[in-house]
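Reader: I am new to this structure. Please take me through its strands, and tell me how each label is earned.

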Amino acid sequence: MTLALADILGKISDLGLLAALTIAFRELSRLVAHRTKRALLMGSLLGAAAWLSSYVHTTTTATTLPHNAFVFVGLAGAFFGRSGLLTALLVASASLSLSVELPLTDVVRFALSGLAGLAWGQALNPPGRRGFLALAGLGMVLNTALAADILLDPNALMAGAGTEAAFTALMTVLSTMFFGVLLERERNILDSELRLLHLANTDELTGLNNRRALLDIFDGLDGTDRALLVIDIDNFKSVNDSHGHLAGDNVIRHVAQHLRSAIRSGDLVCRYGGEEFAAIIRAKDVAEAIAAAERIRLDIESTRVRIGQLALQVTVSVGVAWMGKDADYTNSFDAADHALYKAKRSGRNQVASAPLRANGEQQLTG
């Protein structure tokens, strides 16, 4: 059987679809941080690609579903796991059932291809080892799964014999390699961007968020009531002067560890600069925020930092500013900073809060 020009053009158009799907993955990766949600969306797109490939094929040649339709579902299982596979199966099967009468054998072919891709992704190809040989292996795995056509439909042996069958098998291998190479390239770029973003938003000494991260997160806060805490290590200069900068670094890490342990999930703590830290915590009112700050102060006071043969007691002073809804960063931080200096002037190792005006906004005091 000779290859028709339409068959070759159809394969080329499927490569174009795969390239478009790679671009879609790149954009989704930047818009959707949650991996499962991203897998569901990509599974939907691969299922839609299976439908589009089948729709064009059946409307122009009036034959059964093309090999590539099943390959798209297999790719969903291979690269996007169970979530991607289930979504691709549902979208492809439901969409195709609306345009053509989908026989049970085709549903089985979809399932076999998807399961083969899933097996490759989870067992045959550990993450980080998706090179050319592994991707070619995926193409062979999908070809093997789709060879079950012969068992499902004995007439498929004659219908798919010869040059066309070899060409289809080759294109399956090339398609998987093409898509895999593009997808892995985008994943590597995304990983690099995330690493750079992490470095840009992380304090090197403590591993906490830094001031830049605080600004970014503050801008994205919802209207939930929160409080801003500014925490400063008492007499830190004397630690550096008496014991050296390495001892000072140990003190900063010690306080950072206690702050990290003290905050709840969904709260934020960062090293604002030098020996100063800041935290944004959820609180129903200023009294609850003050109580949380007092627990942090007591926790740090009750422990010691080992410096050589010495066990040094470390204390902190805390300024609290009630943010409320639609809080402004500059005003909130100025209010918390003024409260911190009030705690320092009052003898250190204590918590002070910025007073509230009658309308509930922070009031700065001299």
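Author: This is a predicted model. In it, 5 strands form an open sheet in the order S2-S3-S1-S6-S7, with mixed pairing.

Reader: What makes S2 and S7 stand at the edges?

Author: Each has a single partner strand, so one side of S2 (268-273) and one side of S7 (351-353) lack a neighbour in the sheet. On average, neighbouring strands here are turned by 20° against each other, direction ignored.

Reader: How do you know that S2 and S3 pair?

Author: Two strands pair if DSSP finds at least two bridges between them. S2 and S3 (residues 276-282) are joined by 5 bridges, so they qualify. They run antiparallel. Gly-273 has Glu-276 in S3 as its bridge partner.

Reader: Which strands does helix H13 touch?

Author: Helix H13 (residues 329-345) packs on the sheet and touches S1, S2, S3, S6 and S7. Its direction makes about 145° with that of S6.

Reader: Why are Val-305 and Ile-307 in S4 called buried?

Author: Buried means under 20% relative accessible area. Both side chains meet that cut-off, so the word applies. They point to one face of S4, while Arg-304 and Arg-306 point to the other and are not buried.

Reader: What makes S4 and S5 a pair?

Author: They share 4 bridges, and at least two are needed, so they count as paired, in the antiparallel sense. Val-305 stands opposite Leu-312 in S5. The two strands form a hairpin with 2 residues between them. Gly-308, in the turn, has a positive phi of about 60°.

Reader: Why does the link from Thr-303 to Ile-300 count as a polar contact?

Author: The limit is 3.5 Å. The Thr-303 side chain reaches the backbone oxygen of Ile-300 at 3.1 Å, so the distance fits.

Methods
Residues are numbered from 1 along each chain as its sequence is written. This is a predicted model: local features need pLDDT of at least 70, side-chain atom pairs count only at pLDDT 80 or more; totals for chains, interfaces and linings use all residues. Side-chain values use heavy atoms; hydrogens and water are left out. Buried means under 20% relative accessible area, exposed over 50%, partly exposed in between (1.4 Å probe, protein chains only). A polar contact is a pair of N or O atoms within 3.5 Å; within protein, one must be able to donate a hydrogen and the other to accept it, and residues adjacent in sequence count only if both atoms are side-chain atoms. Axes are lines fitted to C-alpha atoms, for helices over the stretch in contact, and angles run from 0 to 180 degrees between N-to-C directions. Contact means heavy atoms within 4.5 Å.
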